[in-house]
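Colleague: Could you take me through one part of this model in detail? I would like a close look at the sheet and at what packs around it.

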Amino acid sequence: MSGRALLMWDDAVTAYDFGPSHPMDPVRLSLTMGLVRAYGLDKALDVVAAPAAGDSTLRLVHREDYVAAVRAASADPARADQSYGLGTVDDPAFAGMHEASALIAGQSVGAAEAVWRGDAAHAVNFAGGLHHAMPGGAAGFCIYNDAALAIARLLELGAERVAYVDVDVHHGDGVQAAFWDDPRVLTISLHEHPRLLFPGTGWPEETDADGTAVNVALPAGTGDEGWLRAFHSVVPELLAEFRPQVLVSQHGADTHFEDPLAHLAVSLDAQRAVQEACHALAHEHVAGGKWVALGGGGYAVVDVVPRSWTHLVGVAGHAPVSPESVIPSSWRDEVFARTRQLGPGRMTDGRAVLWRDWESGYDPADRLDQAILATRRAVYPLRGLLA
């Protein structure tokens, strides 16, 4: 197993562009790569570009008729078939949509292949994590589900146990749907409560007969301490029991308190702590530390997303960026030139990273503890664990 880490990147992924008024502005990708380069992380990791996912790969998850509909909308956006979720407010059709979406999917699939082969211990595709796309339709800004495709490719290559951990503020519904009732894949999603946020799924009781679909529904307003408590009260124990051969994680940055589309209150510092936890869990529970890390949501495209995912790249590359470091002025100049906004000055929100372990005690009046316990009660007995 190589100790190197890969960063999957092709400038053409920024063509995944729903238009100037859409919240998923591709500038978040180019600014992230700019900050990665400003910190020299492109030297700590091998930067490689994988080919776009072909039709046979896309069909590991997506229906043939849906792929054909994406191709048709890509060629003529005005004729997008809305019955497939294309040409909608969330997922406007645009010229070249199939090509850009397949390229992003290809980076995640390529990351999974490289890690499985042992070419690298870790691989990052921060352009990926498009976890809402379903086998037969687009949803939630997602055309092709690169996370599910990466997992499906791992299974095709012979993996018998793959764990997927999703810490995006939205439920990882598309990945859960792709592997519902497949005991080879453990999906764990920590997200804002579905009563309050798209896609309206991900209730704690929403699990399969084997307990391999795990959902932690967090109360609105959950901050660092609660978010980290929820993660550490569920994820490590389940990974230890499941013994995955590969860990795939999705690191949507939209849990942040500045994100305009959700209602959690998580800081950059807590996001970095979960990235480090996923890294440590991969080394602890996965042979060779096989870890594929993806991006996801995140709509504070200047202040939050580039910093969060640059931390992710640094963590995966065993070259972590100090939270206290002053951000290079060259990158802040790039931010202003691209957006006419002033970029952040440091790689931290200045928050202390603290939480209480589940073993420290349960407060029956606390909504967060109620949420954690609901998940444990729904899933743990099915996995042979004590709730």
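Modeller: Happy to! For what follows, two strands count as paired if DSSP finds at least two bridges between them. Please keep in mind that this is a predicted model.

With that criterion, eight strands make up an open sheet, and their order is β2-β1-β3-β8-β7-β4-β5-β6, with parallel pairing. At its edges are β2 (46-48) and β6 (213-218), each of which pairs on one side only. From one strand to the next, the twist averages 15°.

Let us look at the β6 end. Here β5 (residues 185-192) pairs with β6 in the parallel sense, over six bridges. One place to find this on your screen is Thr187, whose bridge partner in β6 is Ala213.

Now to the helices. Helix α6 (residues 146-157) packs on the sheet, where it touches β3 (122-125), β4 (162-166), β5, β7 (246-250) and β8 (291-294). The direction of α6 makes about 170° with that of β4. Helix α10 (residues 305-316) lies across β1 (5-8), β3 and β8, and runs at about 170° to β8.

Finally, a word on the nonpolar core. The largest one has 129 residues, and Leu86, Ile143 and Phe231 touch the most other members. Helix α5 (residues 97-117) gives the most to this core, with 11 residues. If you centre your view on Leu86 and leave aside its neighbours within four places in sequence, its contacts include Tyr66, Ala69, Val70, Met97, Ala138 and Ile143. Two aspartates, Asp81 and Asp91, are also in contact with Leu86.

Technical notes. Residues are numbered from 1 along each chain as its sequence is written. This is a predicted model: local features need pLDDT of at least 70, side-chain atom pairs count only at pLDDT 80 or more; totals for chains, interfaces and linings use all residues. Side-chain values use heavy atoms; hydrogens and water are left out. A nonpolar core is a set of buried Ala, Val, Leu, Ile, Met, Phe, Trp, Tyr and Cys residues joined through side-chain atoms within 4.5 Å. Buried means under 20% relative accessible area, exposed over 50%, partly exposed in between (1.4 Å probe, protein chains only). Helices (H or I, at least four residues) and strands (E, at least two) are DSSP runs, numbered from the N terminus. Contact means heavy atoms within 4.5 Å. Axes are lines fitted to C-alpha atoms, for helices over the stretch in contact, and angles run from 0 to 180 degrees between N-to-C directions.
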